[in-house]
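Please open the model in your viewer and keep the sequence panel beside it, since each stop on this tour begins with a selection.

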Amino acid sequence: MLMKRIFITGSSGCIGHYMAEALIQETDHELYFLVRNPEKLQFHYQSRPNVHLIIGDLQNLEKFSDFLKTVNVAILAATSWGGINESFEINVTKTIGLMKLLDPEVCEQIIYFSTASILDQNNQPLPEAGTLGTNYIRTKYQCFTQLNNLPFYNKITTVFPTLVFGGEFNKPYSHLSGGIKDVIRWIDLIRWFKADGSFHYIHARDIAKIIKYLVENPPTESENKNLVLGNQKTTVNEAIEKICDYLNKRIYFRIPLYIFLINFFIKAFRLRMEDWDYFSINYRHFTYKDTVTPATFGMDNYCTTIEDVMKLSGVYPQKN
């Protein structure tokens, strides 16, 4: 297979660590990781000679412009979760600016990380994501809706992760996995309620498998280049039932969580709620069409079930 020069941003995060591990261990491609602080990296970037670190960030990419014109594949996973100005600068201005520094005659593919939160149930941009979303969601919406104006739009493969689990002793935990044990502590209360809602989820290792596949098998002109990453949808009630079954906790009856009851809990517990939180409570079904996992491309999934999520998050069944 022809060796490619691959440029990766966002490698210090949860998904980034899994991607780096897969690309280093399972390919021979020449890899360039853009990092601000090498001390945060827990993967073995010194394990083979053609793996390189570029010390810098998206703010000063112009000084690497000559190098970027030699890149065959760009994997753009870096993101900002900060304030609106910082988020817009990194997630929109600098991300699009990076793409413009690539040579369309040399670069065969740009794999851009967005988020499924900006899509509606038909996989189209969700307007509320652009007006009510958090700084992260709003700027991801703004960036994605500008991509089709770029002259090299046909080279962009956009991936939209759904809820991401992942992390272990040598990899950072995702936001969800980092807080799952705290949620489990409330399961004795949660199991008494039922709620109308549904979602998808995926493990960061499965995302890494998909990215590696895309690197070696770029989508053709006729193939879908907007990929929502996630297992089949599950309802909130199904998830609670499976977690309780896994933990050997019985469910005797359940109280419907109507909107007025949710609002009561918000006020009673003085929960801090943003516009996006209220929208999500009413929208409820963050589901999408034709979600993909490694199995879509003929590979084995690492994490498919709620039970898998529990085990991989270090949550174990309780004895009766």
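Begin inside the protein, with the largest cavity, whose volume is about 30 Å³; bear in mind throughout that this is a predicted model. The count of cavities of 30 Å³ or more comes to 1. To see what surrounds this space, select Met 99, Leu 102, Pro 104, Cys 107, Ile 110, Phe 152 and Lys 155, which line the largest cavity. Sorted by class, that lining is made up of 6 nonpolar residues and 1 charged residue, with no polar ones. Rolling a probe the size of a water molecule over the atoms is what shows where empty space is left.

Keep Ile 110 selected, for it leads from the cavity lining to the strands: Ile 110 lies in strand 5, where it stands opposite Ala 74. Now add strand 4, residues 73–76, which runs parallel to strand 5 (residues 109–113) and is joined to it by 4 bridges. Pairing with strand 1 is likewise in the parallel sense, over 4 bridges, and here you can pick out Thr 9, which stands opposite Leu 76 of strand 4.

While strand 4 is on screen, turn it to compare its faces. Are they covered or not? Both are covered, as Val 73 and Ile 75 on one side are buried, and so are Ala 74 and Leu 76 on the other. In a regular strand the side chains alternate between the two faces of the sheet.

From strand 1 (5–9), step back to the segment before it, where Met 3 has its place. Met 3 is partly exposed, with a relative accessible area of 47%. Show its surroundings and, leaving aside neighbours within four places in sequence, you will find Met 3 in contact with Asp 28, His 29, Glu 30 and Asn 50. For the next move, draw a distance from Met 3 to Asn 237: the two are 234 residues apart in sequence and 47 Å apart in space, C-alpha to C-alpha.

The last stop is helix 6, residues 175–184, in which the buried residues are Ser 177, Ile 180 and Ile 184. Look down the axis of helix 6, and its buried residues fall within an arc of 30 degrees, so they line one face of the helix. On the other side, select His 175 and Gly 178, which are exposed. Return finally to the buried residues of helix 6 and display what they pack against: strand 7 (163–165), helix 7 (187–190), helix 9 (236–246) and helix 12 (306–312).

Key. Residues are numbered from 1 along each chain as its sequence is written. This is a predicted model: local features need pLDDT of at least 70, side-chain atom pairs count only at pLDDT 80 or more; totals for chains, interfaces and linings use all residues. Side-chain values use heavy atoms; hydrogens and water are left out. Buried means under 20% relative accessible area, exposed over 50%, partly exposed in between (1.4 Å probe, protein chains only). Helices (H or I, at least four residues) and strands (E, at least two) are DSSP runs, numbered from the N terminus. The arc is that of the directions from the helix axis to the C-beta atoms. Contact means heavy atoms within 4.5 Å. On a 1 Å grid over the protein atoms alone, a cavity is a set of points where a 1.4 Å probe fits but cannot get out, and a pocket is an open set with protein on both sides within 12 Å along at least five of seven lines; lining residues have an atom within 4 Å of a point. Grid points are joined across faces, edges and corners, and a volume is the space filled by probe spheres set on the points. Ala, Val, Leu, Ile, Met, Phe, Trp, Tyr, Cys and Pro count as nonpolar, Asp, Glu, Lys and Arg as charged, and the others, Gly among them, as polar. Two strands pair if DSSP finds at least two bridges between them.
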